[in-house]
Amino acid sequence: MRRDKLNYYLDIAETVLDRGTCLRRNFGAIIVKNDQIISTGYVGAPRGRANCCDLGYCTREKLQIPRGERYELCRSVHAEANAIISASRMDMLGSTLFLVGREVSTGDYVSGANPCAMCKRMIINAGIETVVIRDDRDHYRIFNVRDSYILEDESLEENRGY
């Protein structure tokens, strides 16, 4: 049986996350417009810097920092940010970002995954219209950026991502 189109793109984003270098959780993101993949991104240290998997430790894990907090201590660039950095804004206007995350320790999908506050700001400014996040192999949530990220301003409510 043929997969529905959203799961098809989420499957591709899931293959991208295998490039991730984080020791806690890895995400893969792709940006699609008019059924064309504009760019891809995964979690990893900036070019030229050592990745956590190469160093053998995660600073945030070592300091026992909870999920969704103190991202400034993370060595990595998030998957969404890497996908946005790799695309032109003109190509991203009206596009869809597909996001899949897996826990490194278990291989399970990240429960309740969401872009962090900084990535949401980047998604808004990139002109991305929709975000689709995988919950499990066949289920996902769809977010209209205007309604869910602009009008519902998490920075006023202190909500945390990922």
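This is a short talk on the sheet, the cavity and one pocket of a predicted model.

Okay, hi everyone. Keep in mind that what you have in front of you is a predicted model.

Let's start with the sheet. It's an open one, built from five strands that run in the order E2-E1-E3-E4-E5, with mixed pairing. Out at the edges you'll find E2 and strand E5, residues 140-144, and each of those pairs on one side only. If you ignore direction, neighbouring strands here are turned by 20 degrees against each other on average. As a quick reminder, strands in a sheet pair through backbone hydrogen bonds, parallel or antiparallel. For a parallel example, take strand E3, residues 96-103, and strand E4, residues 130-134, which pair over four bridges. There, Thr96 stands opposite Thr130 in E4.

Now, the empty space inside. How many cavities of 30 Å³ or more does the structure hold? Just one, and the space in there comes to about 150 Å³. Thirteen residues line that cavity, and Cys22, Arg25, Arg60, Cys74 and His78 are the ones nearest its centre. By class, the lining has eight nonpolar, two polar and three charged residues.

Last stop, the second largest pocket, with about 330 Å³ of space. Its lining has 15 residues, and nearest the centre you get Tyr42, Gly44, Ala45, Arg47 and Asn82. Two elements give two or more residues to that lining: strand E2, 36-42, and helix H4, 79-85. E2 has the largest share, with three residues, so to speak of our edge strand again. In this pocket, the lining splits into five nonpolar, eight polar and two charged residues.

That's me done, thanks.

How values were computed. Residues numbered from 1 in each chain as written. Predicted model: local features only at pLDDT ≥ 70, side-chain atom pairs only at ≥ 80, totals over all residues. Heavy atoms only, no water. 1 Å grid on protein atoms, 1.4 Å probe; cavity = no way out; pocket = protein on both sides within 12 Å on 5 of 7 lines; lining within 4 Å. Points joined across faces, edges and corners; volume = space filled by probe spheres on them. Nonpolar A, V, L, I, M, F, W, Y, C, P; charged D, E, K, R; others polar. Pairing = 2+ DSSP bridges. Axes fitted to C-alpha atoms, helices over the stretch in contact; angles between N-to-C directions.
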